[in-house]
Every structure is written in C-alpha cells, then in structure tokens.
Amino acid sequence: MCGKSSDNNGPAPAALAARLAGAGKILLVTHARPDGDALGSMRALAEAAREAGKTVHMLVPDAVPRRLAFLLGDSPCAGPGRFGPLADGADVIVVLDTCSSAQLDDVAEAVAAQREKMVVIDHHATRDDIADIVWIDTSAAATGVMVGELIDRLGWTLTRQGAEALVAAVATDTGWLRFANTDARALRAVAGWLDAGVRTDILYRRIYQNARPQRLRLIARAIESLELHYSDRLAVMCLRRGDFAETGAGEDETENIVNEALRIGTVESAFIVVENTDHVRASLRSRDLVDVAALAARFGGGGHPRAAGLRSTEDLETLKAKLIEAWGEVASG
Ligand SMILES: [Mn+2]
C-alpha cells in the first residue's frame, strides 16, 4: 500500500507537517529530469525550512536543466552520488513531485533503504510504496500548490524567492495557467505569491524566452519529423541522436516540444520519442479521450492522464511502433 494519500483535509498533510516541524535536518529530493514544479517546489520548501531554522539539503537524481537552474538560486543542489551521506544525516527526507521509483532513477534503491525517514508530497496518480506518510493530491494543479499550503500550515515564512519558485512551479505545470488542471485553488495561490512581489512577466521571459538558437533548430527538426496516424488524431514526432549532433542542442533542451503538435485541431494525443545517449524516452500528451498515464504505465512509465512519460531500452523505431499500436487499442477500446 501507498495508502495514506488524501486530500488537503486528510491525515497525511497533518502528519507530514508534524514530521517537518520536529526535524532539525531535512533532505529534499525530487524526480529525475526535474521540471519547473519539481525544482520550484523544492526550492520554496528549502527556503521556508531554512527560515524556520532547519538545516536543508536539496538533491536531484540526475542533472538540473540549465534553463531552470535559476530556480535554485545560489543554493547548492547535490547529485545522486551524495544521497547516501545526506540521507544518513537527515531526520526526514521529503520526496517532491513523484511517488514513483522509476522516476527516482539512480537513487531509487537507496530511497527504499531509508523508508522510515521518507515522506512524499505529490500530485501524480502513479505511485509506488516508498513511504508511510504520503500526501498525494491528484486534484492539485501542481506540487507547488501543495507546498504553499504546507508552508502555511506550518506557519513558516515564504521568502520572495520562495514565492517566485512556487509561481514558477504552478505556472509551468499548468502551461502558464492554460491547461485543464488550472483551477481556482491554483489561481488563488498564485495571486497570494504575486502579492509578495513576484513578476510573472520576468519569470515567463526567464523560463520560456531564454532559449539558445540550438533549441529552436531542434524544435524545427521535431516538427519536420511529424507523422499523423488514425485519421490525424495521433501526432508522433521523433528526435534522433543525429538531430542533437547536427543542431548542437542538448538532451535537456526538449521540454514542451511535444506540445507543438497539439496546435493541430484534429489531434487527440501527441507523442515525441527521443533517442538519448543511453536510452530512448517518450513524452505523451493528450486531450480528453485517451489517458496517457495508463498508456505510459504499459511501458513502465507514468504521469498524469493528459501528460505522461516513459523510458525504454527498445530502439526508437520499435518503441514508436508499439506506442502507435497501443494508442489505437486504447482509443478504440
Ligand atoms: Mn508536478
């Protein structure tokens, strides 16, 4: 069981707050390929906990994407090799924005060994049994919304940098407050953080209008690769190793490219299959018809019904063909 999940009024957030209030040393961990919600939530909780007198460390299981590194400010963020010593020294370990072992990459096994110290704050439906205190609220637009509520519950102080990190968390997970998960709860939370002096225009520019030319060339390659299947209802794009080599773009410069295909009116779901150095991965997006989290789960991945992902050891063409076939089964079923 990963069972003490609950809404905002259930026992999980109260138990989680009590654990954090009583801790002196806190280790914050988020998922591999961290996004704005992962990093923003982690930074805000770190800032607030430090203000409350706690010793806090942050850790990601792989690398921090350079376009989002500013969200961590000058706070150091450890890599997977430091998990052991930091976890041994911590009173509590908070896993943010995931409850999936697969998403913890190289630290997944070490996390399992620290189970009694682990607590989880997450809004994804995909979950493994990694802790007893698990606050999962799938109705929350972002983990950042939950972190803001937790900081309020604890009576901790959110710094302006913390508020900015939470606006970034919620805005990036909602497509800048456009996606179906955008709700009044998220907008009220963001409004409170704007009152703290956060400038969304500056934040937008830093996150979305700060790319290298190589990324735009990579987007062009992805769009050039577009295939449409099932009467133009499924869009599939690919990025191969050669696309990265020839454009000079990095493997961390693919974020959101999958959404480009949703510009097409007939498209119900969009996939991008990406060949990385040591594996192939896919990002899946959907409107209402198909639950892509369930589809990703068939391939060992997970996420949200409208936004999910997976990694595979198959080659790109094989994985692409299997995904296209699986979508057909789910969409017609
Ligand atoms: Mn999230």
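**Exercise 1. The surroundings of Ala140**

Leaving aside neighbours within four places in sequence, with which residues is Ala140 in contact? Describe also the position and burial of Ala140.

*Solution.* The structure is a predicted model, and the steps below apply to that model.

Step 1. Ala140 sits in the loop between S6 and helix H5 (143-154).

Step 2. Its relative accessible area is 3%. Since buried means under 20%, Ala140 is classed as buried.

Step 3. With neighbours within four places in sequence set aside, the contacts of Ala140 are His123, Met146 and Arg185.

Step 4. A distance to another part of the chain completes the description. Ala23 is 117 residues away from Ala140 along the chain, and 26 Å separate the two C-alpha atoms.

**Exercise 2. The manganese site**

Identify the protein donors of the manganese ion, give their spacing in sequence, and explain which parts of the chain His123 and Asp173 tie together.

*Solution.*

Step 1. Four residues supply protein donors to the manganese ion: Asp37, Asp97 and Asp173 through OD, and His123 through NE2. These donors lie 2.1 to 2.3 Å from the ion.

Step 2. Read along the sequence, the spacing of the donor residues is D-x59-D-x25-H-x49-D.

Step 3. His123 belongs to the loop between strand S5 (118-122) and strand S6 (133-136), whereas Asp173 belongs to helix H6 (residues 160-173); the pair therefore ties together parts that are 50 residues apart in sequence.

Step 4. His123 and Asp173 are both buried. His123 is also one of the contacts of Ala140 listed in Exercise 1.

**Exercise 3. Nonpolar cores**

Describe the largest nonpolar core, the contacts of Leu45, and the other core that lies apart.

*Solution.*

Step 1. The largest nonpolar core comprises 53 residues, and Leu28 and Leu45 have the most contacts inside it.

Step 2. Beyond its neighbours within four places in sequence, Leu45 is in contact with Leu28, Val94, Leu96, Ile121, Val147, Leu150, Ile151 and Trp156.

Step 3. Another core, of 22 residues, lies apart from the largest one; its members include Val236, Ala296, Ala326 and Trp327.

**Exercise 4. Aromatic pairs**

How many aromatic pairs does a search of the whole structure find? Characterise the pairs formed by Trp176 with Tyr208 and by Tyr230 with Trp327.

*Solution.*

Step 1. The search finds four aromatic pairs.

Step 2. Trp176 and Tyr208 are 5.6 Å apart centre to centre, with 80° between the planes. Planes over 60 degrees apart count as edge-to-face, and this pair is accordingly edge-to-face.

Step 3. Trp176 lies in the loop between H6 and helix H7 (184-195) and Tyr208 in helix H8 (residues 200-208), so the pair ties together parts that are 32 residues apart in sequence. Tyr208 is partly exposed, at 27% relative accessibility.

Step 4. Ring pairs link Trp176 and Tyr208 with Tyr204 into a cluster. The backbone of Trp176 has a phi near 55°, which is a positive value in a residue other than glycine.

Step 5. The pair of Tyr230 and Trp327 is tilted, with 5.2 Å centre to centre and 35° between the planes. Tyr230 is placed in the loop between strand S7 (227-229) and strand S8 (234-239), and Trp327 in helix H12 (residues 316-332); parts that are 97 residues apart in sequence are therefore tied together by the pair.

Step 6. Tyr230 is partly exposed, with a relative accessible area of 33%, whereas Trp327 is buried, at 1%.

Step 7. The loop between S7 and S8 also holds Ser231. Its phi, near 55°, is positive in a residue other than glycine, and Ser231 is exposed at 67% relative accessibility.

**Exercise 5. Cysteines**

How many disulfides does the structure hold, and why does Cys77 form no bond with Cys99?

*Solution.*

Step 1. The structure holds zero disulfides.

Step 2. The closest cysteine sulfur to that of Cys77 is in Cys99, and the separation of 20 Å is too far for a bond.

Step 3. Cys77 is partly exposed, at 27% relative accessibility; Cys238, with a relative accessible area of 3%, is buried.

**Exercise 6. Domains**

State the domain bounds, the separation of the domain centres and the residues in contact.

*Solution.*

Step 1. The domain assignment gives domain 1 (11-207) and domain 2 (214-332).

Step 2. Taken over C-alpha atoms, the centres of domain 1 and domain 2 are 26 Å apart.

Step 3. Contact between the domains involves 14 residues of domain 1 and 16 residues of domain 2.

Conventions. Residues are numbered from 1 along each chain as its sequence is written. This is a predicted model: local features need pLDDT of at least 70, side-chain atom pairs count only at pLDDT 80 or more; totals for chains, interfaces and linings use all residues. Side-chain values use heavy atoms; hydrogens and water are left out. Donors are N, O and S atoms within 2.8 Å of the metal (3.2 Å for Na, K and Ca); water is not among the atoms, so sites may look incomplete. Helices (H or I, at least four residues) and strands (E, at least two) are DSSP runs, numbered from the N terminus. Buried means under 20% relative accessible area, exposed over 50%, partly exposed in between (1.4 Å probe, protein chains only). A nonpolar core is a set of buried Ala, Val, Leu, Ile, Met, Phe, Trp, Tyr and Cys residues joined through side-chain atoms within 4.5 Å. Contact means heavy atoms within 4.5 Å. Rings of Phe, Tyr and Trp (its six-membered ring) pair if their centres lie within 6.5 Å; planes under 30 degrees apart count as stacked, over 60 as edge-to-face and the rest as tilted. A disulfide is a pair of cysteine sulfur atoms within 2.5 Å. Domain bounds come from an automatic or database domain assignment.
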